[in-house]
Amino acid sequence: MQQGQRPAGVKNEAFPEKTMIFGLFRKKNNNQAIVDRQYAALTAAARMPEIYQRLNVPDTVMGRFEMLSIAMILFFRRTRASGTSGQEIAQEIVDAFFQDIDYSIRELGIGDNSVPKRMKKLAGMFYGRLEAYSKAMDTGDAEALAVALTRNIYPESSAPADMSGLAGWMIAAEAHLSAIAEEEIATGSAALPPVATPPVTWPPVD
């Protein structure tokens with residue numbers, strides 16, 4: 001997905017209920033270089049080949065949407081404990097994520113009349129995942145997280161792939177992000193960890 005451009009001041013009609021949340025920070029141009037750097041780091045992490053080769057995520061349009069969503073969710077959860085500037089950056093990054101999706105849909109030739117409906121559906125999917133993954137991660141329940149991942153990544157499969165490796169990576173990534181300094185958040189330098197060799201299971205096997 002390539003981040004698209006929307007003229008300043010134009011509301012996101014695809015999900016107007018989010019406009020006040022995300023649009024509030026759009027005019028804070030001082031954050032733009034930081035947001036661009038952090039967004040690029042998160043999208044690069046979501047595209048790590050090892051995720052698709054070893055963690056059973058399908059390398060498809062929807063598989064990449066799932067991983068981009070996970071990267072955004074992990075960063076969003078980390079910045080809950082940050083100061084105001086870190087939370088503002090996180091809001092702008094999620095806003096950029098939705099603009100990116102909007103742009104990609106239009107690049108695929110989807111008619112303007114269909115874009116808002118598709119965007120509303122994808123926004124609902126993202127927030128549903130945020131809620132489901134957060135519920136499991138807040139309690140450290142890797143099994144429940146793997147179940148939620150399976151449900152979302154393989155919704156119609158009668159023999160879905162094992163998502164325990166991805167669940168383990170997400171839990172390890174959250175621990176990694178929790179340990180980084182606030183300066184890394186404030187400068188847009190936070191990075192997600194690579195996929196371990198072999199993939200992490202959680203809890204770790206002795």
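Which residues touch the most other members of the largest nonpolar core?

1. Core. In this predicted model, the largest nonpolar core has 58 residues, and Leu-149, Leu-166 and Trp-169 touch the most other members. Two or more residues come from each of helices H2 (32–46), H3 (49–54), H4 (61–78), H5 (84–107), H6 (115–138), H7 (142–153) and H8 (164–179). H6 gives the most to this core, with 10 residues.

2. Leu-149. Leaving aside residues up to four places away in sequence, Leu-149 touches Ile-70, Tyr-133, Tyr-154, Met-163, Leu-166, Ala-167 and Met-170. Leu-166, one of these partners, is itself among the core residues that touch the most other members.

3. Asn-56. The loop between H3 and H4 holds Asn-56. Asn-56 is not a glycine, yet its phi is positive, at about 70 degrees. Is Asn-56 partly exposed or buried? Asn-56 counts as partly exposed because its relative accessibility is 32%, which falls between the 20% and 50% cut-offs.

4. Confidence overall. Mean pLDDT for the protein is 82, with 79% of residues at 70 or more. Among the elements, H7 has the highest mean pLDDT (97), and helix H1 (residues 19–23) the lowest (39).

5. N-terminal stretch. Residues 2–27 have pLDDT below 50. Beyond near neighbours in sequence, this stretch still has 40 contacts in the model. Where pLDDT is low, predicted coordinates should not be read in detail.

Definitions and conventions
Residues are numbered from 1 along each chain as its sequence is written. This is a predicted model: local features need pLDDT of at least 70, side-chain atom pairs count only at pLDDT 80 or more; totals for chains, interfaces and linings use all residues. Side-chain values use heavy atoms; hydrogens and water are left out. A nonpolar core is a set of buried Ala, Val, Leu, Ile, Met, Phe, Trp, Tyr and Cys residues joined through side-chain atoms within 4.5 Å. Buried means under 20% relative accessible area, exposed over 50%, partly exposed in between (1.4 Å probe, protein chains only). Helices (H or I, at least four residues) and strands (E, at least two) are DSSP runs, numbered from the N terminus. Contact means heavy atoms within 4.5 Å. pLDDT is the predictor's confidence in each residue, from 0 to 100.
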